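Me: I have a model open and would like to go through it piece by piece. Could you keep the answers plain?

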Amino acid sequence: MAKEFKITSARLEELENELNYLKTTREKEVAEQIKEARSFGDLSENSEYDEAKNEQAKLYGRIAEVENILANAVIIEEGEENTGHVGLGCRVRVLDLELDEEEEYTIVGSQEADPMNHRISDDSPFGRAMAGKGVGDVVEVEAPVGVLKFRILNVEK
């Protein structure tokens, strides 16, 4: 069974636009690079040709990756109801019990994760530990540095 990719409708649109760009504009640009490099002569010692072919391989790899994501995408709806429990699309405000600091995270699918911007994957140790928990719960997260403890202060959809 193929892996499902949980994404928002906005991310789905971004991926569809990227795929369109890769298959039209970018593919033509790479084909032009290969054509130009061929004109330089002997292909066995032509670094421009090798570079253009490598670029083409990367392009086709990315096209295949995006097509796979789109084919196995599961759209997560960001509903308005607030269930009070952590799930995909929720913003979670937590208190780090060791550092006594508040932090806020958004729980997203793995394709949209961006830890530097507080967008945490539901597949991450933090995301898995938080799933289904509610306000007031103390959650223990297994991390490379040891067990981290957080108290959930607020959950918003």
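Reply: One term first: the bend at a residue is the angle between two axes, one fitted to the seven residues ending there and the other to the seven starting there. Please also keep in mind that this is a predicted model.

Me: OK, so where is the kink in H1 centred?
Reply: The kink in H1 is centred on Leu22 and comes to about 40°.

Me: And what is the end-to-end span of H1, against what it should be?
Reply: Helix H1 covers residues 9-38, and at 1.5 Å a residue its 30 residues should span 44 Å, while its end C-alpha atoms are 42 Å apart, which agrees.

Me: Which residues of H1 are buried?
Reply: They are Arg11, Leu12, Leu15, Leu19, Leu22, Arg26, Val30, Ile34 and Ala37, so Leu22, where the kink is centred, is one of the buried residues.

Me: What covers them?
Reply: The cover over the buried residues of H1 includes strand S1 (5-7), H2 and strand S2 (73-75).

Me: Take Gln56 then, what does that one touch?
Reply: Gln56 sits in helix H2, residues 47-71, and, once its neighbours within four places in sequence are left aside, it is in contact with Val30 and Ile34, both of which are among the buried residues of H1.

Me: Is Gln56 buried or exposed?
Reply: Gln56 has a relative accessible area of 17%, and because buried means under 20%, it counts as buried.

Me: Changing topic, how many aromatic pairs are there?
Reply: The count comes to 2 aromatic pairs. One of them is formed by Phe126 and Phe150, which meet edge-to-face at 5.3 Å centre to centre, with 90° between the planes.

Me: Which parts does that pair tie together?
Reply: Phe126 lies in helix H3 (residues 125-130) and Phe150 in strand S7 (residues 146-156), so the pair ties together parts that are 24 residues apart in sequence. Phe126 is buried at 11% relative accessibility, and Phe150 is buried as well, at 4%. Ring pairs also bring in Tyr105, which forms a cluster with Phe126 and Phe150.

Me: And the sheet, what is the strand order?
Reply: The open sheet has 5 strands in the order S5-S4-S3-S7-S6, with mixed pairing. Its edge strands are S5 (119-121) and S6 (138-143), each of which pairs on one side only, and neighbouring strands are turned by 45° against each other on average, direction ignored.

Me: In what sense do S4 and S5 pair?
Reply: Strand S4 (residues 101-108) and S5 pair in the parallel sense over 3 bridges, and Ile107 has Ile120 as its bridge partner in S5.

Methods. Residues are numbered from 1 along each chain as its sequence is written. This is a predicted model: local features need pLDDT of at least 70, side-chain atom pairs count only at pLDDT 80 or more; totals for chains, interfaces and linings use all residues. Side-chain values use heavy atoms; hydrogens and water are left out. Helices (H or I, at least four residues) and strands (E, at least two) are DSSP runs, numbered from the N terminus. Buried means under 20% relative accessible area, exposed over 50%, partly exposed in between (1.4 Å probe, protein chains only). Contact means heavy atoms within 4.5 Å. Rings of Phe, Tyr and Trp (its six-membered ring) pair if their centres lie within 6.5 Å; planes under 30 degrees apart count as stacked, over 60 as edge-to-face and the rest as tilted. Two strands pair if DSSP finds at least two bridges between them. Axes are lines fitted to C-alpha atoms, for helices over the stretch in contact, and angles run from 0 to 180 degrees between N-to-C directions. The expected span of a helix is 1.5 Å times one less than its number of residues.
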